[in-house]
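Here are a few exercises to work through at your own pace. Keep the structure open beside you, and try each task before reading its solution.

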Amino acid sequence: MNLVGTLFCTALAVCAASALAGLVAPTRLRLPLAGLGTAGAGALGTAAGLAALLGESWSAWLPELLPLAGVRLAIDPLAGLFLAVTGVVALCAAIYGIGYSRDGLDGRVVQATAPLFVAALLLVPAAASVSTFLVAWELMAITSLLLVVADHRHRSAVGEAGLWYGVMTHLGFVTILAGLLAFAAGAGGESFDQLRHAELSPALRGTVFLATVVGFASKAGIVPLHVWLPRAHPEAPSQISALMSAAMVNMGVYGIVRVGLDLLHGGPVWWWMVVLIAGAISALYGILQAAVAADLKGLLGHSTTENMGLVLIGVGAAGLFAAWGNAVLAALALTAALLHVVNHAGFKTLLFLAAGSVQRATGTRDLDQLGGLRTRMPYTTGLFAVGALCASALPPGNAFVSEWLLLQSLIHALPTSGVVGAVTMPLAVGVIALSAGLAVATFVKAFGIGFLAKPRGPEAARAAESPPAMLGGMALAACCCLVLALAPTAILPVLSHAVAVALPGPGAVTGEVSLHLAGISSVISPLLIAVALGVAVAGALALTRVFATRRVRRAARLWDCGGGPMSARMEYTATSFAEPLQRVFDNVLAPESDVDVTPVKESAYLVESVRFRAKVPDRIERRLYEPVLSVLTFVGRGARHLATGSVHRYLAYGFWALTGALIMLAVFQ
């Protein structure tokens, strides 16, 4: 066993030991043992992934662990990338969870399940056969579901979120199961090596691709299969939200890349048009929902849909370029997509952990009730600001480089992409640009409304800073974001090894990738951009202070039109901040508002109170899911009459079922 295998197997063993500690350790030791063990497993997984990215692969077959097929594991550079990302997220979340879980989430089930969830996340990219992959995928689904409903006794919304998540994740699993089983049947074997060398008919290849893409897109939160994500991620404990939004959704992307590009070796143009269009719709719709959301963690959940949409735009573009025979642009687009996976994992981990700190300190996630946290939670405020800058895709944030690379791959495709590309690529560029602009507005709202100005509720006024363990987990995630932002060219050459796995062949690009401006020979330096911005900001603050000290201070208050001192009621709320955007996209969002005017008893012309309620429901959920749920509810109520408790009726059901089966066997023999 080489270095990769040793590190990976040790990580799984540490996960198992941490789960055992969470189950049997005394209450006082349970949290640190399980948390530190999970953090250690994350560090080991990161090391294994980095070693694989540097070119050292590993494979193993354990026939005794699973009946019939055994367990097949293999870690190549593509799997190593997702292992490394998962390991870093688990490391940050586990350290954070030691402090966060002390208030009601230190039970045996939660502390034993979290390490198993991390183990499942590590196993999915390492699986090298259909049976191993499906078992790891189902373990990931079950453990994450248990963690989502961990706090169901205290909030009724948790149970509803768990129901939506459980149904959607298992419907996605069914489609993946059907697609991979059909693939294995056509290939005559279930190992990934056998699938790579299989010769399938075009119809079967298309069926396998569509079935697996639907299941993987469901896990990635792609529209219209996204409805579970803004429910489950906010209701889960914050360290689990970070794992789900920064690591688990990546497995949907991994599945599409592994099956569509590696195992099926790409396909016709229409395959990747489906992926690109689904990604574009998800990016735009997700950021629109985030821009009008008032729930802080719900906003971050919708942002995950947006960023996974951007990743799928890159994956779809890579498939299109490969189908057109342009290996250079295919490699560039896939590099941008995988880099955005890494960048999104960094800033979304930080943002979810910071949002959990806010919720723990204030007891609310409602941005309309927050504000004034800058003075009460200065470290959390600064760390959230770093994550918000990175998520806004502005320099020197880390998402800027990956989205810029993605734009470059699409723009350079225009001269040689034919009619389809001439129509598709400008629209994709427009979607990316619009989503980036809306992301800026979204995170200006989240940071400005949530952390600055005056507190708008008593909960925000009583907030206190988070304990050191939580700050340590957030600080580690922030350091990762800063490294990715200031030195992106350090990771780009390593990503080329993962790209070469997904886009093999004589035309594949495996060299180093660097960033240049047109007409300029030097390489872009985000570090210099950051230094220049820092100097500019420091200069602006110094000038402001100089001019402020020249003002003549007077004891008398300046004329204020009779308004008196500023109060929290005079500030923007999240709802009012998003209202102009809501008006612009009124036809897409279909917002609902209601005004209740209560007159005084003595006269209908005098108003006692006015109450305004605004809501932006998920239009796709309302148009697509609610009619289906209504039909299922009607059928379910009608089916109650079939189960009356009569033994005779149940025997009759069995008799007629057996008779029908025998008749069918006789007819079709």
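**Exercise 1: Two unusual peptide bonds**

Pro-224 sits in the loop between H8 and helix H9 (229-235). The model is a predicted one, so treat each value below as computed from it.

Task: find which residue is joined to Pro-224 by a cis peptide bond, and give omega. Then look at Pro-396 in the same way.

Solution. Start from the background: most peptide bonds are trans. Step one: Val-223 is the partner of Pro-224, and the cis bond between them has an omega of about 5°. Step two: Pro-395 is joined to Pro-396 by a cis peptide bond, with omega at about 5°. Step three, place the second case: Pro-396 belongs to the loop between helix H16 (378-391) and helix H17 (398-411).

**Exercise 2: A phi value to check**

Task: what is the sign of phi at His-265, and where is this residue found?

Solution. Recall that most residues other than glycine have a negative phi. His-265 is not a glycine, yet its phi is positive, at about 60°. As for its place, His-265 is in the loop between helix H11 (250-263) and H12.

**Exercise 3: Packing of H8 and H12**

Task: describe how H8 packs with H12, and sort the contact residues by class.

Solution. Two packed helices are described by the angle between their axes and the distance between the axes. For helix H8 (residues 202-220) and helix H12 (residues 269-292), the angle is about 10° and the axes are 11 Å apart. Angles under 35 degrees count as roughly parallel, so H8 is roughly parallel to H12. Next, list the contacts: H8 brings Arg-205, Gly-206, Phe-209 and Leu-210, which meet Trp-270, Trp-271, Trp-272 and Val-275 of H12. Sorted by class, the contact has six nonpolar residues, one polar and one charged.

**Exercise 4: A link across the sequence**

Task: which residue forms a salt bridge with Asp-76, and why does the pair tie together parts far along the chain, 182 residues apart in sequence?

Solution. The partner is Arg-258, with the closest N and O atoms 3.0 Å apart. Asp-76 lies in the loop between strand S2 (71-75) and helix H3 (77-100), while Arg-258 is in helix H11, so the pair ties together parts 182 residues apart in sequence.

**Exercise 5: A nonpolar surface patch**

Task: which strand supplies the largest share of the nonpolar patch?

Solution. The patch on the surface is formed by Val-595, Val-597, Val-607, Val-610 and Phe-612, with about 480 Å² of accessible area together. Strand S3 (592-599) and strand S4 (607-615) each supply at least two of its residues. The largest share, three residues, comes from S4.

How values were computed: Residues numbered from 1 in each chain as written. Predicted model: local features only at pLDDT ≥ 70, side-chain atom pairs only at ≥ 80, totals over all residues. Heavy atoms only, no water. Axes fitted to C-alpha atoms, helices over the stretch in contact; angles between N-to-C directions. Helix = DSSP H or I, 4+ residues; strand = E, 2+ residues; numbered from the N terminus. Parallel < 35°, antiparallel > 145°, perpendicular 65-115°, else oblique. Contact = heavy atoms within 4.5 Å. Nonpolar A, V, L, I, M, F, W, Y, C, P; charged D, E, K, R; others polar. Patch = residues over 30% accessible without salt bridge, like charges linked within 9 Å, V, L, I, M, F, W, Y side chains within 5 Å. Areas by Shrake-Rupley, 256 points an atom, 1.4 Å probe, with all protein chains shown as cover. Salt bridge = Lys/Arg side-chain N within 4 Å of Asp/Glu carboxyl O.
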